[in-house]
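Trainee: Could you take me through one part of this model slowly? I would like a close look at the bound metal and what lies around the other ligand.

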Amino acid sequence: MKHDDCIFCKIVEGTIPSAKVYEDDVVYAFLDLSQVSKGHTLVIPKEHTRDVFDMSSDLAAQVYARIPKIAQAIKTAFDAKGMNILNNNEAIAGQSVFHMHLHLLPKFNEGEGFEAIWKTNEDAYTSEELETIASSIHTHIEK
Ligand code: AMP
Ligand code: ZN
C-alpha cells in the first residue's frame with residue numbers, strides 16, 4: 001500500500017524525480033542524492049514497507065534476490081573495488097526516510113564515507129557471555 005506522505009513511494013510512482021538505476025515488479029533502485037561514493041544507490045521494495053521490522057521474509061527474499069545483479073552493475077560501471085550494503089532501521093539507527101531501503105555504497109579508496117565509528121567491545125565479553133547472547137537471540141527466532 002502506498003503512503004501519501006512517503007517520498008520514496010512518490011519516487012516509485014514518478015511524482016518525485018529520481019535517477020533510476022533499475023526497476024522491476026518488486027524493487028525500484030535509484031541514486032541516493034547524497035552520493036556518499038560515486039554510484040551510491042538505494043534499492044527499495046515498491047510496496048511501502050517502513051523498515052526491516054515491517055518486512056515479511058518473503059519480501060526480504062525477493063528484494064535481496066535483486067541485490068547481486070544491481071551490485072555487480074555498479075561495480076562494473078565504475079570499477080569499484082568493494083561495496084558496503086547497509087540498511088538503517090529507526091531514527092536511533094540513522095534512518096531518515098521511513099520506507100525500507102538498502103544502501104549500495106561502492107568503495108574505491110580507503111577512508112571513504114560510511115566508515116562507521118566502529119568501536120570494538122571485543123574485550124568486554126567472555127566466550128561464554130557471547131554464547132549466552134547468541135542463544136538469547138536464537139530463542140526468539142520464529143520457527
Ligand atoms: P537513511 O538515512 O538510511 O534513511 O537514508 C536516506 C537516504 O535517502 C539519504 O542518504 C538521502 O540522501 C536519501 N534521499 C532522501 N531523499 C532523496 C531523494 N529525493 N532522492 C534520492 N535520495 C534521497
Ligand atoms: Zn513508501
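Mentor: Happy to; we will start with the metal site and then turn to ligand 1. Keep in mind that this is a predicted model.

The zinc ion (ligand 2) has four donor atoms: SG of Cys6, SG of Cys9, ND1 of His48 and ND1 of His99, at 2.0 to 2.3 Å. Along the chain, these donors follow the spacing C-x2-C-x38-H-x50-H. What is the arrangement of the four donor atoms around the zinc ion? It is tetrahedral, because the angles they subtend run from 105 to 116°. For comparison, the ideal angle for four tetrahedral donors is 109.5 degrees. Look at the cysteines next: cysteine 6 counts as buried because its relative accessibility is 6%, and cysteine 9, with a relative accessible area of 5%, is buried as well.

Now for ligand 1, which takes up the space of the largest pocket. There are 16 residues around ligand 1, and those that come nearest are Asp32, Gly94, Ser96, His101 and His103. Several contacts involve oxygen atoms of the ligand. A polar side-chain atom of aspartate 32 lies 2.5 Å from one oxygen atom of ligand 1. In the side chain of histidine 103, an N or O atom is 2.8 Å from an oxygen atom of ligand 1. Valine 97 contributes through its backbone, where an N or O atom lies 3.1 Å from a ligand 1 oxygen atom. Taken alone, ligand 1 exposes 500 Å², and the protein buries 81% of that.

Definitions and conventions:
Residues numbered from 1 in each chain as written. Chains lettered and ligands numbered in written order. Predicted model: local features only at pLDDT ≥ 70, side-chain atom pairs only at ≥ 80, totals over all residues. Heavy atoms only, no water. Donors = N, O, S within 2.8 Å, 3.2 Å for Na, K, Ca; no water. Tetrahedral: all angles 85-135°; square planar, octahedral: opposite > 155°, others 65-115°. Buried < 20%, exposed > 50% of the residue type's maximum accessible area, 1.4 Å probe, protein only. Near = heavy atom within 4 Å. Polar contact = N/O pair within 3.5 Å; in protein donor to acceptor, adjacent residues only side chain to side chain. Areas by Shrake-Rupley, 256 points an atom, 1.4 Å probe, with all protein chains shown as cover. 1 Å grid on protein atoms, 1.4 Å probe; cavity = no way out; pocket = protein on both sides within 12 Å on 5 of 7 lines; lining within 4 Å. Sits in = over half its atoms within 2 Å of the grid points.
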